[in-house]
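Here are some friendly notes to read alongside the model. Please keep the viewer open as you go through them.

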Amino acid sequence: LVSKAPNMGTTIFTVMSALATEKNAVNLGQGFPDFPCDPKLLELVNDAMREGLNQYPPMTGVAPLREAVSKKIETLYGRHYDPATEITVTAGATQAILTIILAIVHAGDEVIVLEPCYDSYVPNIELAGGKVVRVPLTPGTFRPDFDKIRAAITPKTRAILINSPHNPSGMIWSQQDMLTLQEILAPTDIVLISDEVYEHMVYAPNQHWSAAHFDGLAARAFIVSSFGKTYHVTGWKIGTVAAPAAYTAEFRKVHQFNVFTVNTPMQHGLARYMADPAPYLELPAFYQRKRDLFRQGLAQTQFKLLPGEGTYFQCVDISALKVPEKNLSEADFCKWLTTDIGVAAIPLSAFYGNGFDQKVIRFCFAKKDETLNLALERLARL
Ligand code: PMP
Ligand code: GLN
């Protein structure tokens, strides 16, 4: 077999979770909660199964879920998306992003990504025959550098992919950032792919600025969300894409021959659960407490804290540690940390195409307090 992806390895999240399991380490690497979801959500899914809602749903997703998502976007971000023509249920954000890229990127098109970026973006663009154009976020702050973004745009630019709140840095785009992007894109026909899977994990005084808030962005945007993050069910792999009708029509052409549709009972369960906005409205306070607990613990160690405005990730600089292993590459340091100290983390270099190594690693704090405290106890030894 001639490999179509000779340079594509195994995703870092799989590698680090396997090592964490093998070494019996506290897994603060791959992003997922170690606590259960709301039992009410499980009951609602069970109800749907028992009611016999177990056959193929419509290709676009069940109507009550598309309606619930439309209502949420309108309430929070002030824009109406027609559930029939502008919202599609996907098998998580991962499938959503690949499907968007397959639907819009022609061979040879350029797609701008802002590095560090989530590890599926670049392989997705390459599989679609597109050309990846990497623009670095500002080192240290991870804020967008609009001069560099402007300079990266050419007549061949088909799309730009942004992600706020940002994995891995936790940085959030401000209203002004979004307005500047809107102004830059205004004279172009560049498509915006806005990965907003952490939309409900934003800590005061910050707020989430969805592409849906801005007329000029929403008109050209695919907005990607994920229920896995918001409702503590990453294994369910359900998300949505909201986009103008003409964009959604192109998206659905590919979606129908990609997964066709997404499992029925969980869609109904989620739709019923969404009738109460409390779970997502309470999420920032829930995670802010964990973030503060984790940051306060890390402040007692030699790890240097980077800012954390959103997401359930916290990045730290390892260069002030006393141990000689701080001189290893980030990737080797994370393996050592998992194996010898018993705490798994993700090297930031995994989010860069050239493996850029800035001595920064990422922890996930979506964990029970006891898990975080155990990890902190181990990290305090360094
Ligand atoms: N985008 C980002 C930025 C993510 O962090 C994740 C979750 N790992 C995804 C997309 C994929 O989300 P899902 O699990 O819904 O496929
Ligand atoms: N999004 C999660 C993270 O960044 C992992 C998802 C995955 O394992 N593919 O940790």
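The points below go from the overall fold to the domains, one helix and the ligand.

1. **Ground rules.** This is a predicted model, in which local features need pLDDT of at least 70 and side-chain atom pairs count only at pLDDT 80 or more, while totals for chains, interfaces and linings use all residues. Residues are numbered from 1 along each chain as its sequence is written, and chains are lettered from A and ligands numbered from 1 in the order in which they are written.

2. **Overall fold.** The protein has 15 helices and 13 strands; these are DSSP runs numbered from the N terminus (helices H or I, at least four residues; strands E, at least two). Its radius of gyration is 20 Å, which agrees with the value near 21 Å for a compact globule of 382 residues (taken over C-alpha atoms; the rule is 2.2 Å times the number of residues to the power 0.38). Buried residues account for 47% of the 382, where buried means that 20 or more other C-beta atoms, placed from the backbone, lie within 10 Å of the residue's own.

3. **Two domains.** The domain assignment, which is automatic or from a database, gives domain 1 (12-30 + 282-379) and domain 2 (39-276). Their contact takes 24 residues from domain 1 and 22 residues from domain 2, counting two residues as in contact if their C-beta atoms, placed from the backbone, lie within 7 Å. On the domain 1 side, helix 13 gives the largest share, five residues. That side divides into 14 nonpolar, seven polar and three charged residues (Ala, Val, Leu, Ile, Met, Phe, Trp, Tyr, Cys and Pro are nonpolar; Asp, Glu, Lys and Arg charged; the others, Gly among them, polar).

4. **Helix 3.** How far apart are the end C-alpha atoms of helix 3 (residues 63-77)? They are 21 Å apart, which agrees with the span expected for 15 residues at 1.5 Å a residue (1.5 Å times one less than the number of residues). Its buried residues are Leu65, Arg66, Ala68, Val69, Ser70, Ile73 and Tyr77. Their cover includes strand 2 (87-90), strand 8 (239-242) and helix 11 (264-273). After helix 3 comes Gly78, with a positive phi near 75 degrees.

5. **Ligand 1.** There are 14 residues around ligand 1, and Gly92, Ala93, Thr94, Asn167 and Ser226 come nearest (a residue is near if its C-beta atom, placed from the backbone, lies within 6 Å). Helix 4 (residues 92-104) supplies the largest share of this shell, three residues. By class, the shell has three nonpolar, nine polar and two charged residues.

Note on methods
A residue is buried if 20 or more other C-beta atoms lie within 10 Å of its own, exposed if 12 or fewer, and partly exposed in between; C-beta atoms are placed from the backbone.
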